Amino acid sequence: RLAKQVFATLAKGEDAIPLEDFKRCCTILAQVSDDFATEPGQAADRMDLNGDARIDQGEFVQEVRSIGNLVGLRKVMGAMQQVAAVAADFSAKAEAEVVEEEAS
């Protein structure tokens with residue numbers, strides 16, 4: 001359930017997360033899995049099972065479950081909470097910049 005909430009935050013209401021956006025989140029996920037620490041691009045590309053350069057909800061949840069099986073669900077959930085917080089902060093800053101630009 002938390003993985004789906006994090007996905008929704010990262011996807012910003014869309015049905016998938018662009019690979020470039022996802023790669024930015026890999027720094028936090030590196031705390032959980034060495035896959036992300038060694039090469040975030042390879043990890044993101046591996047997750048993109050259908051090769052459309054986007055991570056859909058099913059692909060995201062499947063990867064979270066796989067990592068959970070390797071390192072434990074508590075670690076994954078902690079990282080997901082951090083990702084959600086960073087994504088929400090990033091969205092708020094981006095929205096403030098748009099408002100600022102429109103006001104100029």
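## Burial and the Glu-63–Arg-46 pair

A residue is called buried when its relative accessible area is under 20%, exposed when that area is over 50%, and partly exposed in between. In this predicted model, Glu-63 has a relative accessible area of 12% and is therefore buried. Its salt-bridge partner is Arg-46, and the closest N and O atoms of the two are 2.3 Å apart. Glu-63 belongs to helix α5 (residues 57-71) and Arg-46 to helix α4 (residues 40-47), so the salt bridge ties together parts of the chain that are 17 residues apart in sequence.

The two partners fall into separate classes of accessibility: Glu-63 is buried, whereas Arg-46, at 38% relative accessibility, counts as partly exposed. Side chains of opposite charge can pair when their charged atoms come close.

## Salt bridges around Arg-54

Three salt bridges are found when the whole structure is searched. One of them joins Arg-54 to Asp-15, with the closest N and O atoms 3.1 Å apart. This pair links distant parts of the chain, since Arg-54 is in strand β2 (residues 54-56) while Asp-15 is in the loop between α1 (2-11) and β1 (16-18), 39 residues away in sequence. Arg-54 itself has a relative accessible area of 33% and is therefore partly exposed.

Arg-54 also meets the side chain of Asp-52 in a salt bridge, at an N to O distance of 3.8 Å. Asp-52 is partly exposed as well, because its relative accessibility is 34%. Through salt bridges that share partners, Asp-15, Asp-52 and Arg-54 are joined into one network.

## Positive phi angles in two loops

Two residues other than glycine have a positive phi, and each is placed in a loop. For Lys-12, phi is near 55°, and the residue is located in the loop between α1 and β1, which is also the loop that holds Asp-15. With a relative accessibility of 47%, Lys-12 counts as partly exposed.

For Ala-53, phi is near 65°, again a positive value in a residue that is not glycine. Ala-53 is placed in the loop between α4 and β2, and its relative accessibility of 42% puts this residue among those that count as partly exposed.

## Helix α6: Met-77 and the negative patch

Helix α6 spans residues 73-103 and includes Glu-100; Met-77 is also placed in this helix. At 23% relative accessibility, Met-77 counts as partly exposed, the lower limit of that class being 20%. When residues up to four places away in sequence are left aside, Met-77 touches Leu-2 and Val-64. The C-alpha atoms of Met-77 and Val-6 are 10.0 Å apart in space, although the two residues are separated by 71 residues in sequence.

Elsewhere in helix α6, Glu-100 takes part in a negative surface patch that is formed together with Glu-97, Glu-101 and Glu-102. The relative accessible area of Glu-100 is 59%, so this residue is exposed. Among the glutamates described here, Glu-100 of the patch is thus exposed, whereas Glu-63, which pairs with Arg-46, is buried.

Definitions and conventions. Residues numbered from 1 in each chain as written. Predicted model: local features only at pLDDT ≥ 70, side-chain atom pairs only at ≥ 80, totals over all residues. Heavy atoms only, no water. Patch = residues over 30% accessible without salt bridge, like charges linked within 9 Å, V, L, I, M, F, W, Y side chains within 5 Å. Areas by Shrake-Rupley, 256 points an atom, 1.4 Å probe, with all protein chains shown as cover. Salt bridge = Lys/Arg side-chain N within 4 Å of Asp/Glu carboxyl O. Lys, Arg positive; Asp, Glu negative; His and termini not counted. Charge placed at Lys NZ, Arg CZ, Asp CG, Glu CD. Helix = DSSP H or I, 4+ residues; strand = E, 2+ residues; numbered from the N terminus. Buried < 20%, exposed > 50% of the residue type's maximum accessible area, 1.4 Å probe, protein only. Contact = heavy atoms within 4.5 Å.
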